[in-house]
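Let's take a friendly walk through a protein model together. Keep the sequence and the 3D view side by side as you read.

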Amino acid sequence: MSRRQLLRHSAWFGAAVVLAVASGEVISHVDGTATTAAVLDDPHALRFAQVSDSHIGFTGSANTDVTGSFSRAITQINSLGFRPDFVMHTGDLTHLSTQAQFDQVKQMMGGLRAGGVFTVPGEHDSVGDHGQKYRALFGAGSKGDGWYSFDIKGVHVIALVNTLALEKLGHLGTDQLDFIQHDVAGLSGDTPIVVFSHIPLFAMYPTWGWGTDDAAQALSYLRRFSSVTCLNGHVHQLFSKTEGNVTFHSATTTAYPLPHPGQAPAPTPQTLPAGQLGAALGIREVTYQPGQPGLAVKDRSLAWPPA
Amino acid sequence: MRLPRLLFAVATSATLLFAGHDTAANADQPAVTAAPTTAMADMADMASKIAAPGPADAPVATNAVTIQNFAYSPATVTVKAGTTVTWTNKDQDPHTVTSMNGGPLQSPTLNTGDSFRYTFKTPGRFEYLCTIHPFMTATVVVTP
């Protein structure tokens, strides 16, 4: 780690309170003990970014420029100080699944500088066509309705689709559950597992559909692994919880905030006072260093609108 | 807002949900019309009505359902077989009227001011949701 990097990282932590809104600072640092300094020096460390719920095409007072804020998120990912091994968008790329919205978000994500760019679909990406347009643009190499897995730097990554057979709650379905069971069958129990989905795999707030009705079955296949990290979007706010060997992290959005569970009649877009939107939006940086017990998750707020 | 009474009741059959989503049957003449957008009526008043406990969930004998503030109102309507029910989206956001359990309601995306009509010919209990905002759920009860 260079002196300049050290100074930069010192600045992140030291300035977090002072620059709370404007600078895209670390707003949570949980789960795991790996330090950024050690990870940056380790060529075997996995580093990736998560972005979610860009809702390209949304027009409303909650965010009158979702294209601008998503563009800002891409800029921040490209400015992390390292090239992520991959970037994952956890769904609701578009607001209404139009071809123009898909083309636009695809073009924007082409500006991400990373080893790979991946997606999982949200329910806003399958409006009226059961996800056909989504899969045509983003489904290459996936199975079934768009799920897939891959291995990278010793970590096994599973990307799920729980937004198609909706019954208020998210749903995986028999075919996808079978895929998960077979997908992890040959892995040793000390392989770190990262699972991406749009809707949470834990019951964050079922009254608003913030859960997945058959997630328990999926997680039962992962019970024997020492480290399982589930990363989701959909709820447009940060939330973390641990259940046994599994840690869940809901990501925030780059578009507009939703109310906290039960704090409004319905989970509808929230219009914040002027100047407060950026603090509710953000990107996520995740690192895994071999030998560490788990993954380190850092969420950074969006410097939005630009000063 | 309405509690999810049927949250887990249909999990076992859920793999077949929306199997016919792209080929919505129109035997019963569903139709969408774009109505002139009316001025946003007293939003605060509507919000208070929807948030009010009790009566909002009681079955109501009407054939008109309003979609407003991300909710179907009334949440449960009871009609006689042969009745045409009309849904009208008064939100700024688009919504759908889509059956659970692969049922007959398969509206296209309803933009602001759009209406969707469906004639219920057979008695039964018809649960539906908005596929864009699946927390929005409601019921039509059709009596003989």
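## Paired strands in chain B

Strand S5 (residues 84–89) of chain B and strand S7(B) run antiparallel and are joined by five bridges. Helices (H or I, at least four residues) and strands (E, at least two) are DSSP runs, numbered from the N terminus, and two strands pair if DSSP finds at least two bridges between them. One place to look is B:Thr86, which stands opposite B:Arg117 in S7(B).

This is a predicted model, in which local features need pLDDT of at least 70, side-chain atom pairs count only at pLDDT 80 or more, and totals for chains, interfaces and linings use all residues. Residues are numbered from 1 along each chain as its sequence is written, while chains are lettered from A and ligands numbered from 1 in the order in which they are written.

## Two faces of one strand

Which residues of strand S7 (residues 114–119) of chain B point to the buried face? B:Asp114, B:Phe116 and B:Tyr118 do, and they are buried; a residue is buried if 20 or more other C-beta atoms lie within 10 Å of its own, exposed if 12 or fewer, and partly exposed in between, with C-beta atoms placed from the backbone. B:Ser115, B:Arg117 and B:Thr119 point to the other face and are not buried.

## An open sheet

Chain B also has an open sheet of four strands, in the order S4-S9-S8-S6, with mixed pairing. Strand S4 (76–80) and strand S6 (98–99) of chain B stand at the edges with a single partner strand each, so one side of each has no neighbour in the sheet. Strand S8 (residues 124–129) and strand S9 (residues 137–143) of chain B pair in the antiparallel sense over six bridges. In S9(B), B:Val141 is the bridge partner of B:Arg125.

## The nonpolar core

The largest nonpolar core (buried Ala, Val, Leu, Ile, Met, Phe, Trp, Tyr and Cys residues joined through C-beta atoms within 7 Å) has 99 residues. A:Ala159, A:Leu160, A:Val195, A:Phe196, A:Leu201 and B:Val85 touch the most other members. Helix H3 (residues 66–78) of chain A gives the largest share of this core, five residues.

Leaving aside neighbours within four places in sequence, B:Val85 has contacts (C-beta atoms, placed from the backbone, within 7 Å) that include B:Val77, B:Tyr118 and B:Phe120.

## A helix and a loop in chain A

Chain A has eight helices and 12 strands, and 51% of its 307 residues count as buried. In helix H6 (residues 174–183) of chain A, the residues A:Gln176, A:Phe179 and A:Ile180 are buried. They cover an arc of only 95 degrees around the axis, which puts them on the same side of H6(A); the arc is that of the directions from the helix axis to the C-beta atoms. The face turned away from this buried side carries the exposed residues A:Thr174, A:Asp175, A:Asp178 and A:His182.

A:Leu222 lies in the loop between H7 and strand S8 (228–232) of chain A. Is A:Leu222 buried or exposed? A:Leu222 is buried, because 22 other C-beta atoms are within 10 Å.

## How confident is the prediction?

Chain B has a mean pLDDT (the predictor's confidence in each residue, from 0 to 100) of 71, and 58% of its residues reach 70 or more. Over residues 33–56 of chain B the pLDDT is below 50. For the complex, the predictor gives an ipTM of 0.70 and a pTM of 0.79.

Technical notes:
Contact = placed C-beta atoms within 7 Å.
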